[in-house]
Amino acid sequence: MNSKRFDRIVIYGSPGCGKSTLANKLSEIFQVNHIHLDDVFWDPNWSIPTANEFRSRVKSVLIHDKWIIDGNYSKVRDLILPKATLAIMIDLPLFIIFWRIIARTITRNTFLKLIELTPLPKKIEETNSGERIFQAIFELSSYAIRYKRHKLKGIEEEVITTIGKENFYKFHRQEDIDNFLEKLKKKL
């Protein structure tokens, strides 16, 4: 297995599909910095940076030789993909995604712990801005549907065109992701 192939990894998928979880695990395996695009994008109190500011922030994290990035921001895909050596797309069934969105949102905002906690973006956490449970579930679930119906295929085509099919993995089941991680651990 060519280790260069895993120097700069980008992970795409709908909300709740496990992008951050996979990125965290790959970061541990390869001892590489993990960048959540949500952390780069969101300002305190859910403020949104200008497109130029966001692009500038992303450029500053791309200067490193090795990284793992998770996120779906089309405004910066043209900056990230040409530098990526591997792209992973997670395309799990909607019922799993909906469960994860609901469980994650409830876990973040109540005393119930239904799933491993995925934190809010750093600047949101730092300012205690939180999220409205029902609004977050509705918006993230709606985006997941739009992503699967309208965005996924275009992103996949862009990835393959930019970095080649041989540098692209697409997972449809959690088992496939788990097997991929186990094979990586054995080969390193």
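Asp43 counts as buried in this predicted model, with a relative accessibility of 16%. Its relative accessible area is under the 20% cut-off that defines a buried residue. Arg57 is likewise buried, at a relative accessible area of 16%. The side chains of Asp43 and Arg57 meet in a salt bridge, with an N to O distance of 2.8 Å. Arg57 belongs to helix H3, which covers residues 51-61, while Asp43 sits in the loop between helix H2 (37-41) and H3, so the salt bridge ties together parts that lie 14 residues apart in sequence.

A second salt bridge is formed by Glu156 and Lys170, whose closest N and O atoms are 2.7 Å apart. This pair links distant parts of the chain, since Glu156 is in helix H7 (residues 133-163) and Lys170 is in strand E5 (residues 168-171), 14 residues away. Lys170 is partly exposed, with a relative accessible area of 27%.

Glu175 and Arg173 also meet through their side chains in a salt bridge, at 3.4 Å from N to O. Both residues are partly exposed: Glu175 has a relative accessibility of 49%, and Arg173 has one of 41%.

Some salt bridges share partners, and in this way Asp43, Glu53, Arg57 and Lys123 are joined into one network. The pair of Arg57 and Asp43 described above therefore belongs to a network that also includes Glu53 and Lys123. Over the whole structure, the search finds eleven salt bridges, among them the pairs Arg57 with Asp43, Glu156 with Lys170, and Glu175 with Arg173.

Key. Residues are numbered from 1 along each chain as its sequence is written. This is a predicted model: local features need pLDDT of at least 70, side-chain atom pairs count only at pLDDT 80 or more; totals for chains, interfaces and linings use all residues. Side-chain values use heavy atoms; hydrogens and water are left out. A salt bridge is a side-chain nitrogen of Lys or Arg within 4 Å of a carboxyl oxygen of Asp or Glu. Helices (H or I, at least four residues) and strands (E, at least two) are DSSP runs, numbered from the N terminus. Buried means under 20% relative accessible area, exposed over 50%, partly exposed in between (1.4 Å probe, protein chains only).
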